[in-house]
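Biologist: Please take a close look at the salt bridges in this predicted model. I should like to know which charged side chains pair, where the partners lie, and whether they are buried or exposed.

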Amino acid sequence: MRLVIDCFKLVKGAGKSIGIYNLAVNLVRELASGHDRNELTVLGNAYNKRDFNISGIKFIEIHRNPHSRITCILWELFEVSIVARRLKADKVLFPRGYASMLHLTRESVIIHDMIPFYYHEHFPGYFNRLENFYIMWRLKASARKADDVITISEASRKDIEKYAHVSASRITVINNGYNCISKNDYNELEEAYILAVTSALPHKNAEGIVKSYEQYCRIADRPLALKIIGIDDCSKFTSDMAAAQRITCIKYVEKNEDLYQLIHGAKVFLFLSMIEGFGFPPIEAMQLGTAVICSNTSSLPEVVGDAAVCVDPNANDQVAQALASLLDDAERRRYLCKKGFENVKRFSWDQTGKKYREVLFR
């Protein structure tokens, strides 16, 4: 089979698609290592050539600007299908979830989440309404027309059913695979702190993290400091100056090694996102031997299983109590860490790659 994988629009660090980028890179590498007779071609750009131009893959650089919105729209609507047809592709895989309008070949889409619909319902006007409408239309059209619809969690499958009105029988759930991280590569720290990962986007719930921490400081005898990765300031969320002085905001951690050291060094990892297609940060924390408290919403309960403390991200008192209780119970933290190491085994790339081959090459 000739499989063409459309990675033209993927640029590492651009936009909000770092998770999609990493999945595409890992998936291409996994498919290339399959040692089968399938012919694999990646349509890429000058910025991602280094990651996708690997042994076992035919890499074709598309000489257009992936940062141009008009170029990308024309590409995904029409051009990619024409190029795939010229390459005599049997199937095209779209890792970003948007299939071509022309459908000149069989098509598989990976729809990671339906978060634009969440914003339409809960935060109308936060994004440009026309742009968000376009994205919602494209997701629905792609899910309805594609030959294979793949998604990364049961929660996302239910959302695709709900918003795109696609039968569950047409949707295959393939959980994301994880990149191996060893806690033995990182040092134990004398400093004791809580670590949270978020962003400025409302669904990442930075406000809930800060408000919950303020509540925790009121009930804890000796509250630990809080480090928040993903925002550079939390002053607009704070009302307790004493608690605010214990918070350090880190807008961005450039090197993965530095991020992993921060996660490994924390007593507790806090992740209070409202909605996630999958949610990698808790899995990374589990690999690094850090106990996790995370939201009980969306895909997160199915991803963390019984290896984390799940809380209502809207209930600041509940989160605060969970923090205080877990930080006072070293045995409970050790138990969760042990469960975490077992839990992440469910998401190995060996299993993930096998499932993708079954869908893409059938």
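Modeller: Within helix α6, which spans residues 154–164, E154 and R157 stand three residues apart, so about one helical turn separates them. These two residues form a salt bridge in the predicted model, with their closest N and O atoms 2.6 Å apart. E154 is partly exposed at 33% relative accessible area, whereas R157 is buried at 15%.

A second pair is formed by D240 and R218, whose closest N and O atoms are 3.9 Å apart. D240 belongs to the loop between β9 (225–229) and α8 (241–244), and R218 to helix α7 (residues 206–219); the salt bridge therefore ties together parts that lie 22 residues apart in sequence. The distance of 3.9 Å is accepted because a salt bridge requires the nitrogen to be within 4 Å of the carboxyl oxygen. D240 counts as buried, with 17% relative accessibility, while R218 is partly exposed at 48%.

A third salt bridge joins R362 to D148, with 3.0 Å between the closest N and O atoms. This pair links distant parts of the chain, 214 residues apart: R362 is in the segment after α14 (349–360), and D148 is in strand β6 (residues 148–151). R362 counts as exposed, at 53% relative accessibility, but D148 is buried at 5%.

Beyond these pairs, K9, E76 and R138 are linked in a network of salt bridges. The search of the whole structure finds 17 salt bridges.

Note on methods: Residues numbered from 1 in each chain as written. Predicted model: local features only at pLDDT ≥ 70, side-chain atom pairs only at ≥ 80, totals over all residues. Heavy atoms only, no water. Salt bridge = Lys/Arg side-chain N within 4 Å of Asp/Glu carboxyl O. Helix = DSSP H or I, 4+ residues; strand = E, 2+ residues; numbered from the N terminus. Buried < 20%, exposed > 50% of the residue type's maximum accessible area, 1.4 Å probe, protein only.
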